[in-house]
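Got your viewer open? Here's a stop-by-stop walk through the chains, with something to select at each one.

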Amino acid sequence: MHGHEVATSEHDEPIANPGLPEHLPRPTDVDPEAEKRAERQVATLFGLSALFAVLTCVAYFTFDIGEHTDTFLGMGASNVALGGFLGLALLCIGAGAIQWSRKLMSDHEIVEYRHPASSSEEDRSEAVAALEQGLEDSGIARRPLVRNSLLGAMAALGLPAIVFLRDLGPLPGDKLAHTVWKKGMRVVQDVDGARIKPEDMQIGQLVNAEPEVFFENNAEGEPEFEGAELQAAKAKAAVILVRMHPDDIKPWKGRENWGVEGILCFSKICTHVGCPISLWEQQTHHLLCPCHQSTFDLADNGKVVFGPAGRHLPQLPLAVDSDGYLIATSDFTEPVGPSYWERG
Amino acid sequence: MTTTATTNGTKPASAGKPNKAAGVATWADDRLGIATATKKQIRKVFPDHWSFMLGEIALWSFVILLLTGVFLTLWFKPSMGEVVYQGSYDQLRGIPMSEAYASTLNISFDVRAGLLMRQMHHWAAMLFIAAMLVHMMRTFLTGAFRKPRELNWIIGGLLLLLGILEGFAGYSLPDDLLSGTGLRIADGLVKATPVLGSYMSFFMFGGEFPGDVIIPRLYTVHVLLIPGLLLALIGAHMLLLVYHKHTQWPGPGRTEQNVVGYPMMPVYAAKAGGFFFMVFGVVSLMGALMTINPVWRFGPYNPAEVTAGSQPDWYMGIAEGLLRIMPGWETHIWGITLSWNIFLPGQIGPIALFALVLAYPFLEQWITGDKREHHLLQRPRNAPTRTAFLAAMITLYGLLWAAGGNDILATTFHLNLNAITYFMRGAIFVIPVLAFIVAKRWCISLQRHDNDKLLHGYESGIIMRSPEGEYTERHLPINSDEAFTLTARNRDEVYAGVNGTDVNGVEAPNARIDETRARLSKAWFATNVQKPTKAELEEGHHHAEEELEHEHALGLDQQADGHQFDGRHDVAGDDLTHKH
Amino acid sequence: MRLLTRKITARLSTRRRSRYAAPAVLVAALLASGGLYMTLAPANADKTSDDSTTISEGRALFQVGCASCHGKNAEGIVTKKGNQYGPTLIGVGAAAVDFQVGTGRMPMAQPGAQAARKKVLYDADEIKALGAFIQSLGPGPAVPESEKYDVSGTSNENVVKGGQFFRTNCTACHNFAGSGGALPGGKYAPNLRGVSGKHIYEAMLTGPQQMPVFSDGVLSPEDKKDIIAYLKKNEDTPSYGGFTLGSVGPVSEGMFAWLVGIGGLVGIGIWITSASARSKKTITKGDA
C-alpha cells in the first residue's frame with residue numbers, strides 16, 4: 001500500500017524485540033506500611049493546600065495596599081503574601097496528585113495499538129464516489145458559465161470586505177513632512193516651558209526642548225495642544241539644544257547661520273525608527289540613541305557615525321528674538337523621524 | 001511478543017446498584033452518546049517521558065493566561081483618553097496620562113491581588129512562548145514532525161507566531177514609556193514597507209503616531225481575535241495528537257504499531273492535572289517574588305521621553321538584535337526611499353526565518369525521500385545533520401538575542417558597546433557554521449560509541465593485565481533491553497534519484513532538480529554511522545566469548561582485589577597461579 | 001583730703017592674689033575674646049577662596065596626587081598623538097572637584113575611557129582644600145549650599161515634577177530606575193542609587209566627563225532639587241512586586257523567566273516522569 005508504509009523493517013533487525021520489561025513492584029505495592037505512609041503523605045499535601053488557600057484569603061484582608069502599603073523585607077507585603085500562599089496552595093495540590101500517581105496508582109504499563117493515519121481503501125473509494133456523485137449532480141463540470149460566474153461573484157464580495165476598512169485612518173498626504181515649528185517660534189525647555197537665552201547655556205550643555213506653542217493656551221483658555229494631538233505633534237517637534245565650541249562645528253553650505261554662538265538645535269527623533277534621542281556625549285559631540293545605538297555627530301550636521309540609521313539627523317535653524325530668547329527661523333527643511341517610501 | 005497488560009479489565013461492566021453518578025451519566029449519554037467516545041479515550045495510553053511534558057507547560061500556561069487575563073479585563077480601561085491621575089502612587093499624582101495607563105496603576109496599587117494578577121499574567125506569557133520554543137526544539141530533535149505529523153508542526157509554528165504577536169499586543173496595552181517606545185519602533189518598521197508604508201502606518205494608528213485608537217485596537221486583538229485563533233489552533237493541535245497518538249521512544253516492547261505507557265484515567269489525568277497545578281504554582285510564586293514590567297517606574301508614554309535599556313520582551317529579542325546590528329543602508333533614488341536597514345532585518349528576516357521553520361518537514365522529506373509514517377522517535381545523535389542544523393539555528397538565535405541586549409551586556413560585563421555590534425555582524429555568519437560542524441561530529445562520535453557498546457559491550461572498570469604486561473579493560477555485554485533500544489532505528493537510505501535518461505536518450509523532466517536532491521541526500525546521510533548488521537553482531541558476541549574462554553584458560557577470570565601482598569587480608573587459599 | 005580712714009601698710013590684694021593669677025586672667029581674657037569672636041563674628045570662615053592657607057594646602061595636595069595627569073598648574077596634559085591625558089581644570093570650579101574627588105572617581109586608578117566610582121581617597125578637609133585651589137585658578141561653579149539639595153522638606157508636587165524632569169533629561173542615559181546605561185566606546189552612565197544629593201546636584205551642574213552640563217540658567221536650582229527629591233523618594237519606595245531583578249528591564253526578566261521558570265518546570269517534569277523506587281519484596285497482595 002503505497003504511502004501507507006509504516007517505518008518497520010523487522011526482517012533485518014539484528015536484535016529481536018524482547019517485549020515489555022518485567023514489572024517490578026514499588027514499596028507501596030508490597031508493604032502495607034509504606035502504602036499507608038504514602039496515603040498520609042498525599043492527604044497531608046492536600047490538607048496543606050487547603051490551609052494555604054485559607055491563608056491566602058486571610059492575607060487578602062490583612063495586608064494593605066494603596067497609600068499605606070504594608071511592606072515585607074522591602075517588598076510589597078500583600079503581593080508577596082498573596083502570591084506566596086496561593087503558589088504554595090497550588091504546588092501542594094500538584095505535588096499531592098503527582099505523588100498519588102507515582103506511589104499509589106497502578107504503574108503497570110499498558111499497550112494500545114495504533115492504526116494507520118490514512119483511511120482504509122474502501123472508505124477512500126466510497127468518499128471519492130460520493131464526492132463524484134455530488135459533483136455530477138451539480139453539473140459544475142459541465143456548466144463552465146455557472147461555475148465561472150459564481151467564482152466571479154465570490155471574488156467580487158471580497159471587495160466590500162476591503163473597502164469597508166478605508167476609514168481606519170486618514171491618508172498620510174504630506175503630514176509627515178511638516179511639524180508645528182515655524183518662523184519666530186521660541187524654543188523652550190521641555191516639562192516647564194522655560195524660555196532660553198544663549199547666555200544661559202554653557203559649553204557642553206544639553207537642553208531637551210519643545211516649541212513654545214505646547215505651553216500656550218488658546219483664546220478660550222484651553223491649551224493649544226493637548227491629549228492625542230499634543231502627543232502626535234510632540235512625536236515630530238521634540239528637539240534638543242546643544243552648545244559646543246564654535247570652532248568645533250563644521251556646518252554644511254547654507255547652514256552657517258543655523259546656530260547661535262555655538263548653540264545648535266537638532267530634531268530629537270531618531271531617523272532610524274523614531275525613538276527620542278538625548279544621550280549627548282559632550283566631549284565627543286556624539287548623540288547616541290538608546291534603542292538601536294545609532295550615533296550621530298552633531299558637530300558635523302548630525303551625520304551618522306555608527307549604527308543602523310540611514311540618514312543624518314535633521315537640524316532646526318536658530319536665531320535670537322528681540323527679547324534675547326532662542327527661536328526657530330523656520331520649520332525643518334526635511335521630514336523628521338523614520339524614513340518612508342515617498343520621503344524622497 | 002507484546003500483550004495487553006492485565007490491568008485493563010477483562011470482565012465487561014455489569015450493572016450494579018444504581019448510584020447518583022450512574023444516573024447523571026445515563027442522562028448525558030441519552031442525549032449526547034458520549035459512552036462511545038469515552039470507552040475509547042478514557043483509558044487512552046500516554047507514553048511517559050519528561051520531554052513530553054514541555055508542550056504541557058505551554059498548554060497550562062495558556063490556561064493561566066486566560067484565567068488571569070479575565071481578571072485583568074474586569075478593571076482595565078482600554079482607552080487613550082486623557083485623565084489626570086489621582087490614585088495612590090505618589091510619584092505620578094497630578095500628571096495627565098491615558099486611561100489605559102491610569103487603570104493599570106489602579107490595578108497595581110488600588111486593587112488587592114491586582115499587582116499579583118498582572119505579574120502572573122506577564123510571567124505566564126513569558127513561559128508560554130518559552131515552553132513552545134523548547135517543545136518545538138524537542139519535536140525537531142526527535143523527528144516527531146515527520147509524517148503523519150507535518151500538519152501539527154505547522155499548527156505549532158502558527159501558535160508560536162500568534163503567541164509572540166499576542167505578547168507584544170499585551171504588554172503594549174498599559175501605554176507606558178517602555179511599551180510605547182516599542183510601538184514607536186513598530187510604527188517605524190511599518191513605515192519602512194515599500195510603497196504602502198505610510199498608508200499602513202496611518203491606517204494602523206488612525207492617523208499620525210501615536211493617535212488615540214491604537215490601544216483600543218490592540219485590546220480587541222489581544223482579548224478577542226488572537227485568543228480565539230489560539231484556542232481554535234490549540235484545539236486542532238490536540239485533536240491531531242489524539243488521532244495520531246503520541247510518539248514514543250524506542251525500547252523493549254515498543255514498536256511502530258503500538259503505544260506503551262500509562263492510561264489517561266487515572267494515571268495521566270493525575271500527572272497532567274498535577275502538572276497544571278505545579279505550573280500554576282510556579283507562576284504564582286514568580287508573580288509573588290519577582291517584579292516584572294513595573295510600569296509605574298517608567299511613567300506614561302511620552303514621545304519625547306525614553307529609557308536606556310529599551311528592549312522588547314525576550315521573544316522579540318532576535319528581531320531587535322537584527323535591527324541593531326544591521327548597517328545603515330538606505331537607497332534614495334527617483335524621489336523614493338528604500339530603507340534596507342529596516343526592511344530587511346525587520347520584515348524580510350523574520351518572515352524568511354518563520355517560513356523556513358514551517359517548511360522544514362517538507363524540506364527534509366524532499367532531501368531524504370522518506371515517505372513512511374514514523375511513530376518511534378529518533379535519538380538526536382542518530383540524525384546528525386538535522387541535529388547539527390538545529391545547533392546552528394540555536395546558536396544564531398542566541399547570538400541575535402545577545403545582540404538585542406548589547407547595551408545591557410556592555411554595562412554588565414564592562415564591554416565596548418560598539419565592539420559588540422561589530423563582533424555580532426560577523427559572528428552571526430561564522431559561529432553557527434562552527435556550531436554545525438561541532439554538533440555533527442559530536443553526534444557521529446556518539447553513534448560510534450553506541451556501536452562499540454553493541455559490538456564489544458560496556459566498559460566494566462575492571463582492568464586486566466596480561467602476563468606480557470599489557471593492560472586492557474574488560475568489557476561486559478549490555479543487557480538485551482538496552483541492546484534492543486540501541487538498534488531500534490531505521491538504517492539511512494540515500495535517495496538514489498531517477499535515472500538521468502530513458503531508453504531513447506531523452507532526459508527525464510526535472511533531471512537537474514532530481515540530481516541536486518540526490519546529492520543533498522548523500523550529503524545529509526554521508527557520515528552517519530549505521531547500526532551493525534546481524535552478522536556483525538554475531539561476530540562481536542563470538543569474539544567476546546572467545547576472549548572469555550581465553551581468560552578462563554589462563555586463570556585470569558578470578559578477580560584479584562589488589563590487596564594480596566599488602567597484608568590486609570589472608571591470602572591462604574587464593575589460587576593465583578597460572579593454570580595450563 | 002584723706003579718702004581712706006585707716007592707714008594702709010600694704011595693698012589688700014597682696015595676700016589674696018596667687019602668683020599665677022595674672023597669667024590665668026590673661027589666658028581667660030584671650031579665650032573669652034576668641035570665643036566671643038567665634039560665635040558672634042560674621043560667618044565668613046567657610047569661604048575657601050578667602051583662606052590662603054587652604055588654597056596652598058590644596059596646591060600641595062594637587063602636586064602630589066593630581067599634577068601627573070592634569071599638569072602642575074592644572075593646565076592639562078596632551079599626549080604626543082594629540083589625545084587628552086588629563087584635561088585642564090581651570091574654570092571647572094570647586095563643585096567639580098567635590099564631585100570627582102568626593103565620589104572617589106579621582107584620582108583615576110589608570111587612564112581609560114571612564115573614571116569609575118571607587119573608594120574615596122581624600123577626607124572632607126582635603127577635598128575642600130583641593131576645591132579651593134581649583135577655584136582660585138579660575139571662576140567656576142561653587143559647592144552648592146545644603147538647602148539646594150536637602151530634600152527633607154519637599155512636597156509631593158516637587159517629587160512629581162522631579163520625575164517629569166528625570167524622565168525627560170536623565171533616563172535616556174541612566175535608565176528609568178537610575179540603574180545606569182551604556183555609552184559608546186566602553187563608557188557608561190553610572191547607577192544613581194546610593195549617591196548623595198549633593199553629588200547628584202554637582203554632577204548636573206558640572207557635567208562630569210561625557211555627561212552634559214545642566215546649568216542653573218536653564219535647569220534651575222529648584223528643578224534640580226525636584227529631581228533629587230524624586231530619586232531619593234524612589235530609593236525609599238518599597239519594591240512592590242518583589243525582587244527588582246536589577247531594574248534593567250525586559251532583558252533580565254527574560255533571563256529569569258528561562259532560568260527560574262523553564263528550568264524549574266523542566267525539573268518538575270523530570271521528577272514527575274522519573275522512575276520511582278522499586279522494592280525487592282514480592283507482591284503479597286492481589287494486583288490492581
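In which loop of chain B does B:Pro148 lie? Select it and look at what flanks it: B:Pro148 sits in the loop between α5 and α6 of chain B. Keep in mind throughout that you're looking at a predicted model. Now add B:Lys147 to the selection, and check the peptide bond that runs from B:Lys147 to B:Pro148: it is cis, with omega near 5°.

**Next stop: the helix after that loop**

Select residues 150-172 of chain B, which is α6, together with residues 214-244, which is α9. The two axes come within 9 Å and cross at roughly 160°. Angles over 145 degrees count as roughly antiparallel, and α6(B) and α9(B) are therefore roughly antiparallel to each other. The crossing is left-handed.

Turn on side chains here. From α6(B), the contact includes B:Leu151, B:Ile155, B:Leu158, B:Leu159, B:Leu162 and B:Leu165. Among the residues they meet on the α9(B) side are B:Leu218, B:Val221, B:Ile226, B:Leu229, B:Leu230 and B:Leu233. Colour this contact by residue class and you'll get 17 nonpolar, six polar and one charged.

**Back to the helix before the loop, and across to chain C**

Select α5 of chain B (residues 114-141) and α11 of chain C (residues 250-273). These axes come within 10 Å and cross at roughly 70°. With 65 to 115 degrees counting as roughly perpendicular, that makes α5(B) roughly perpendicular to α11(C). Zoom in on B:Trp123, B:Met126, B:Leu127, B:Ala130, B:Ala131 and B:Val134, which meet C:Gly254, C:Ala257, C:Trp258, C:Gly261 and C:Ile262. The classes in this contact are nine nonpolar, two polar and no charged.

**While you're on chain C**

Colour 48-137 and 146-236 separately: the domain assignment gives these as domain 1 and domain 2 of chain C. Their C-alpha centres lie 23 Å apart. The contact between them takes 13 residues from domain 1 and twelve from domain 2. On the domain 1 side, that's six nonpolar, five polar and two charged residues.

There is a cis peptide bond to find in this chain too: C:Met106 to C:Pro107, with omega near 0°. Look for C:Pro107 in the loop between α4 (93-102) and α5 (124-137) of chain C.

**Over to chain A**

Do the domain colouring again here. Domain 1 of chain A is 22-104, and domain 2 is assigned in two pieces, 177-217 + 226-338. The C-alpha centres of these two domains lie 59 Å apart.

Now pick out the open sheet of five strands, which has the order β4-β5-β6-β7-β12 with antiparallel pairing. Which strands stand at its edges? Select 187-189 (β4) and 315-316 (β12): each has a single partner strand, so one side of each is left without a neighbour in the sheet. To see the β12 end in detail, select β7 (residues 263-267), which pairs with β12(A) in the antiparallel sense over two bridges. A:Phe266 has A:Gln315 in β12(A) as its bridge partner.

One more residue before leaving this chain's interior tour: A:Asn301, in the loop between β10 (295-297) and β11 (303-306) of chain A. Its phi is near 60°, a positive value in a residue other than glycine.

**Where chain A touches chain C**

Show chains A and C together: 42 residues of chain A are in contact with 32 residues of chain C. On the chain A side, the elements that each supply at least two residues are α1 (27-30), β2 (75-76), α3 (77-104), β5 (206-211), β8 (279-281) and β9 (286-288). The largest share, five residues, comes from α3(A). By class, this side of chain A divides into 18 nonpolar, 16 polar and eight charged.

**Last stop: chain A with chain B**

Swap chain C for chain B. This contact takes 108 residues from chain B and 88 from chain A. Select α10 of chain B (residues 264-289), which gives the most to the chain B side, with 16 residues. That side divides into 50 nonpolar, 37 polar and 21 charged.

Finish on a pairing between these chains. Select β3 of chain A (residues 110-113) and β4 of chain B (residues 258-263), which pair in the antiparallel sense over four bridges. Which residue of β4(B) stands opposite A:Ile110? Label B:Gly261, and you have found it.

Terms used
Residues are numbered from 1 along each chain as its sequence is written. Chains are lettered from A and ligands numbered from 1 in the order in which they are written. This is a predicted model: local features need pLDDT of at least 70, side-chain atom pairs count only at pLDDT 80 or more; totals for chains, interfaces and linings use all residues. Two strands pair if DSSP finds at least two bridges between them. Two residues are in contact if their C-beta atoms, placed from the backbone, lie within 7 Å. Ala, Val, Leu, Ile, Met, Phe, Trp, Tyr, Cys and Pro count as nonpolar, Asp, Glu, Lys and Arg as charged, and the others, Gly among them, as polar. Domain bounds come from an automatic or database domain assignment. Axes are lines fitted to C-alpha atoms, for helices over the stretch in contact, and angles run from 0 to 180 degrees between N-to-C directions. Angles under 35 degrees count as roughly parallel, over 145 as roughly antiparallel, 65 to 115 as roughly perpendicular and the rest as oblique. A crossing is left-handed if the near helix is turned anticlockwise from the far one by less than a right angle, and right-handed if clockwise.
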